Amino acid sequence: EFEQDYPYWLATADEPVYLDQGYTLDGSWNVTAGRLETQVITASPHSFTITNGGGARVPRGYLLVEPRAASSISNLRLVNSANLMEFTYSGSLSAGDSLEMEFLTKSIKKNGTNAYASFSTPATQLDWMLLELGANLITITGTVAGTVDLYWQWSRHYL
């Protein structure tokens, strides 16, 4: 007997270990396991490719944006050329700020506080972001000063 509470099977090796899963901090596991795209943004536009080698589109992902010391980003726009999905964060982030997004649950927080009022997608776009099978060219635009770190964690999905 088994239970599948998500419409896809996930690659176990891609899944991170979360602190709320009852694990003990004994040094035997890695909280950054899985598919983690790390980007250093110093100019706009900034492009990179995420290759989804799974068996299905990926609607689930976690995105973190953090400006480094004496850096900032404002009016962040992210576009996936593979499916033309996009979103915009119309606020600004400075050194010490963090913007966290969870695509499947549709939550966005700046420094732990709901930032949904500054977030938008096109009216016809139901999901916040999907990774298509194969190559996904991601382009980020906005006003960038200094260096901004972007982390995108995701898992391969299978039907």
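**Close-up views of an all-strand protein**

**Figure 1. The β5–β6 hairpin and its turn.** Within the hairpin built from β5 and β6, four residues sit between the two strands, and one residue, L84, takes a positive phi near 60 degrees. Please keep in mind as you look that this is a predicted model. Strand β5 covers residues 72-80 and strand β6 covers residues 85-94; the two run antiparallel and are joined by eight bridges. To find one of the paired positions, start at R77: its bridge partner in β6 is T88. Strands of a sheet pair through backbone hydrogen bonds, so the backbone is the place to look when you follow a pairing.

**Figure 2. Another partner for β5.** Which strand pairs with β5 over seven bridges? It is β11, residues 134-145, and the pairing is again antiparallel. A handy landmark here is N80, which stands opposite I138 in β11. With β6 joined to β5 by eight bridges and β11 joined to β5 by seven, you can trace β5 as a strand with both of these partners.

**Figure 3. The whole fold at a glance.** How many helices and strands does the protein have? The count is zero helices and 13 strands, so the pattern along the sequence is simply β repeated, β-β-β-β-β-β-β-β-β-β-β-β-β. Of the 159 residues, 40% are buried. Take the contacts between residues with a separation of 6 or more: 72% of them are between residues 24 or more positions apart. As for the outside, the protein exposes about 8700 Å², and carbon and sulfur atoms supply 51% of that area.

**Figure 4. An open sheet of six strands.** Going across this sheet, you meet the strands in the order β2-β12-β4-β7-β8-β9, with antiparallel pairing. Why is one side of β2 and of β9 left without a neighbour in the sheet? Strands β2 (35-41) and β9 (113-114) stand at the edges and have a single partner strand each, so one side of each has no neighbour there. Further in, β7 (residues 99-102) and β8 (residues 107-110) run antiparallel and are joined by four bridges. Look for L99, which stands opposite K110 in β8.

**Figure 5. Charged partners.** A search of the whole structure turns up four salt bridges, and three of them are described here, beginning with R57 and E132, whose side chains meet at 3.0 Å, N to O. This pair links distant parts of the chain, 75 residues apart: R57 is in the loop between β3 (46-52) and β4 (62-67), while E132 is in the loop between β10 (119-120) and β11. Is E132 buried or exposed? E132 is buried, because its relative accessible area is 17% and the cut-off for buried is under 20%. R57, at 40%, is partly exposed.

Next come D149 and R68, with closest N and O atoms 2.9 Å apart. D149 belongs to strand β12 (residues 148-154) and R68 to the loop between β4 and β5, so this salt bridge ties together parts 81 residues apart in sequence. D149 is buried, with a relative accessible area of 10%, and R68 counts as partly exposed at 39%.

The third pair is D97 with K110, where the closest N and O atoms are 4.0 Å apart. D97 lies in the loop between β6 and β7, and K110 lies in strand β8, so the parts tied together are 13 residues apart in sequence. D97 is buried at 15% relative accessible area, whereas K110 is partly exposed at 25%.

**Figure 6. A cluster of rings.** Six aromatic pairs are counted in this model. In one of them, F119 and W128 have ring centres 4.1 Å apart and planes at 35 degrees, so the pair is tilted. Both of these residues are buried. Ring pairs link F119 and W128 into a cluster with F87, F103, Y116 and W152.

**Figure 7. Inside the nonpolar core.** Which residues touch the most other members of the largest nonpolar core? They are L63, V65 and W152, out of 29 residues in that core. Strands β3, β4, β5, β6, β7, β11 and β12 each give two or more residues to the core. Zoom in on V65: leaving aside neighbours within four places in sequence, V65 is in contact with I73, L76, L93, D97, S98, L99, V148, D149 and L150. Two of these names may ring a bell, since D97 forms a salt bridge with K110 and D149 forms one with R68.

Definitions and conventions. Residues are numbered from 1 along each chain as its sequence is written. This is a predicted model: local features need pLDDT of at least 70, side-chain atom pairs count only at pLDDT 80 or more; totals for chains, interfaces and linings use all residues. Side-chain values use heavy atoms; hydrogens and water are left out. Rings of Phe, Tyr and Trp (its six-membered ring) pair if their centres lie within 6.5 Å; planes under 30 degrees apart count as stacked, over 60 as edge-to-face and the rest as tilted. Buried means under 20% relative accessible area, exposed over 50%, partly exposed in between (1.4 Å probe, protein chains only). Two strands pair if DSSP finds at least two bridges between them. Contact means heavy atoms within 4.5 Å. Accessible areas come from the Shrake-Rupley method with a 1.4 Å probe; for residues, only the protein chains shown count as cover. A nonpolar core is a set of buried Ala, Val, Leu, Ile, Met, Phe, Trp, Tyr and Cys residues joined through side-chain atoms within 4.5 Å.
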